[in-house]
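Ready for a few exercises? Have a look at the model below, then work through the tasks one by one.

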Amino acid sequence: MLEVRELRTGYGGKTDLELERLAFPLGTVTGVLGRNGSGKSTLLRAMTGMLPYAGEITVDGVSLRSLTRRQRAQRIAYLPQALPAPEMPVETLVAHGRYARLGLSKTLGAEDRERIRTALEQTELWPLRSRVLRTLSGGERQRAYLAMVLAQDGDYLLLDEPGAALDISHREALGALLRRVAASGKGVVVSSHDLPLSFAVSDRLLLLRRGRLVAEGTPEALVRERTALRRSMDAILVPAGNPRSRYPYILGAEE
Amino acid sequence: MRMWKHFSGPERLMLTGLPVLLGSLALSVFLPGGAVSSGALWAALWGRETEQAAQLILFQVRLPRALGAVCCGAGLSISGLLLQSALNNPLASPGIIGVNAGAGLFALLAGLLFPLQTLARSGAAFLGALAAVGLIQAIVRRAGASRSTVILSGVAVSSLLTALSQAIITFYPEAIADRVAFTLGGLHGLDWNQLLFALPFLGAGLLLAVLFSGGVDLFPLGDEAAEGLGLHVSLWRLLTVLCAAILAGAAVSLCGLLSFVGLMVPNLIRLGHAHSCRQQIGLCCLWGGSFLLLCDCLARTLFFPYELPVGLLLSCLGAPFFVWMLIRRRKEAGHA
């Protein structure tokens with residue numbers, strides 16, 4: 001379990017995010033929702049130890065501060081929002097996911113190669129493995145980075161807007177992939193603006209507004225209780241009501 | 001020929017690089033010119049030449065010069081490669097981290113204090129390069145090790161050290177003659193003592209570069225993604241810049257301020273689709289060495305019996321290359 005207690009963090013010495021107590025269990029998908037500047041990315045950065053913070057963050061009972069970068073990367077994989085397009089083949093990028101698990105010589109072993117292959121297959125990138133990232137579309141590139149963090153094989157996956165550049169079918173595939181990853185026992189935390197997808201994929205949702213937690217709960221509970229969603233996202237969701245609908249909930253209008 | 005197709009671009013570069021390096025070495029050592037023929041030099045190599053001049057020229061002039069060219073070419077190329085990766089800028093070269101300004105100032109001082117002592121100038125140039133980079137590291141430690149901080153600190157420190165050099169030249173105008181030769185860069189008069197002084201630093205720099213290469217490979221992914229993979233990005237960037245400074249400083253102590261080698265060779269190697277830093281380091285050793293050797297041979301023969309400083313030739317080649325890089329980058333950005 002990834003736990004956050006009395007967390008205060010932010011940029012340039014300011015407190016941009018303040019949270020009392022949160023837990024991210026293994027085997028579940030937690031969606032983090034909020035408008036721009038609500039603190040979603042700040043929360044994920046703090047949980048990877050990249051931002052200084054007051055309070056306590058623990059990984060399976062161990063303080064995040066006591067872990068070395070390498071130990072932390074073995075447990076927590078993090079996909080940031082901004083992803084450059086370097087002159088590098090997809091397969092090489094995905095292999096970098098194994099960095100924290102390699103020895104001094106940084107040579108890939110049989111298990112590493114197997115993980116890389118699985119990650120490429122999971123993200124449907126096996127046929128594109130030799131292509132250079134710069135020549136790929138934005139969506140393909142985002143999937144390549146997703147494959148990299150899958151190959152990292154951490155117990156927890158923190159993904160910052162992983163579906164932002166994906167088309168509808170790949171967003172759906174991403175949702176299904178995140179469910180499979182959680183079903184395999186990993187804890188997945190996803191920040192997103194895509195409300196229908198987040199509500200379809202997540203077991204639990206956190207709603208943030210101006211660096212504070214507005215509400216947390218299951219998708220069903222948050223759809224029923226509209227105020228929190230309206231406060232944090234300025235939107236509401238309603239049941240799709242059609243069995244052929246892609247998502248169980250769709251964006252609704254105020255009555 | 002069929003087998004050749006199975007090799008990747010970097011493998012082909014590696015396979016061709018070794019014979020090209022050996023060929024360039026042979027060309028540089030046995031190049032006809034001067035009082036001694038190639039045949040006499042060849043005979044001297046096997047101890048068959050009775051004439052002492054041939055032996056002297058081969059072992060005291062040609063061999064240290066050729067090996068020095070290989071060391072400088074490799075050192076400057078690897079240094080440029082590391083800097084371009086650490087600063088995520090393919091146009092970066094050792095001058096950007098103050099190596100040239102620091103080495104230039106200290107070499108000038110050594111020329112004044114210990115005139116006619118080449119080893120003192122070599123040592124001073126190396127120390128100057130490290131001192132400049134040490135100053136930059138001190139600034140960066142306070143201001144944060146972002147790419148732009150490193151580059152801007154380099155600009156500030158270089159400007160300061162260049163101003164100091166100019167001040168010395170103003171007060172001691174006689175220092176300028178030595179400085180011109182050092183600033184242009186060249187391999188003329190390189191001796192075994194200088195080579196033996198620089199070799200341990202070049203060896204240590206090469207070893208560190210190979211050790212750091214796994215982390216250097218993560219720089220292009222951006223600081224956040226690299227941190228997420230477990231790399232201490234700011235520390236690794238500082239170490240990589242320091243390693244680049246050791247290599248460039250050692251090279252500068254041998255050949256003066258040779259420009260463009262560190263810019264051209266890594267970029268040409270990347271055209272061969274070498275993506276891993278370790279591969280690129282190997283290729284820089286082979287092709288950087290060959291490149292400087294061949295340029296030196298050209299500089300020696302182009303206006304024979306006069307010899308051009310190789311730095312002058314490199315600037316003539318490097319400037320158009322730099323412009324070509326800029327245009328190529330613009331085209332790539334347009335296609336992306």
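Here, a residue is buried if 20 or more other C-beta atoms lie within 10 Å of its own, exposed if 12 or fewer, and partly exposed in between, with C-beta atoms placed from the backbone. This is a predicted model, where local features need pLDDT of at least 70, side-chain atom pairs count only at pLDDT 80 or more, and totals for chains, interfaces and linings use all residues. Residues are numbered from 1 along each chain as its sequence is written, while chains are lettered from A and ligands numbered from 1 in the order in which they are written.

**Exercise 1.** Work out whether B:L231 is buried or exposed, and find what B:L231 touches.

Step one: locate B:L231, in the loop between α10 and α11 of chain B (helices are DSSP runs of H or I with at least four residues, strands are runs of E with at least two, numbered from the N terminus).
Step two: count. B:L231 has 26 other C-beta atoms within 10 Å, so B:L231 is buried.
Step three: list the contacts (two residues are in contact if their C-beta atoms, placed from the backbone, lie within 7 Å). Not counting residues up to four places away in sequence, B:L231 touches A:Y99, B:G215, B:L218, B:A226 and B:W236. One of these, B:L218, sits 13 residues away in sequence and 7.9 Å away in space, C-alpha to C-alpha.

**Exercise 2.** Describe how α4(B) and α11(B) pack.

Step one: take the angle (axes are lines fitted to C-alpha atoms, for helices over the stretch in contact, and angles run from 0 to 180 degrees between N-to-C directions). Helix α4 (residues 52–86) and helix α11 (residues 233–255) of chain B pack at about 155°, with axes 8 Å apart.
Step two: name the arrangement (under 35 degrees is roughly parallel, over 145 roughly antiparallel, 65 to 115 roughly perpendicular, and the rest oblique). That's why α4(B) and α11(B) are roughly antiparallel to each other.
Step three: sort the contact by class (Ala, Val, Leu, Ile, Met, Phe, Trp, Tyr, Cys and Pro are nonpolar, Asp, Glu, Lys and Arg charged, and the others, Gly among them, polar). The contact of α4(B) with α11(B) has 16 nonpolar, four polar and one charged residues.
Step four: zoom in on B:A251. Leaving aside its neighbours within four places in sequence, B:A251 is in contact with B:C71, B:C72, B:G75 and B:L76.

**Exercise 3.** Now try α12(B): how does α12(B) cross α13(B), and which residues of α12(B) are buried?

Step one: the axes of helix α12 (residues 261–271) and helix α13 (residues 277–301) of chain B come within 9 Å and cross at roughly 125°. The two helices α12(B) and α13(B) are therefore oblique to each other.
Step two: find who meets whom. In α12(B), B:V261, B:V265, B:P266 and B:I269 meet residues of α13(B), including B:L283, B:W287 and B:F291. The contact of α12(B) with α13(B) holds nine nonpolar, two polar and no charged residues.
Step three: check burial. The buried residues in α12(B) are B:V261, B:G262, B:L263, B:M264, B:V265, B:P266, B:N267 and B:I269. Eight of the eleven residues of α12(B) are buried, so α12(B) is largely enclosed by the rest of the structure.
Step four: look just after α12(B), where B:H273 takes a positive phi of about 60°.
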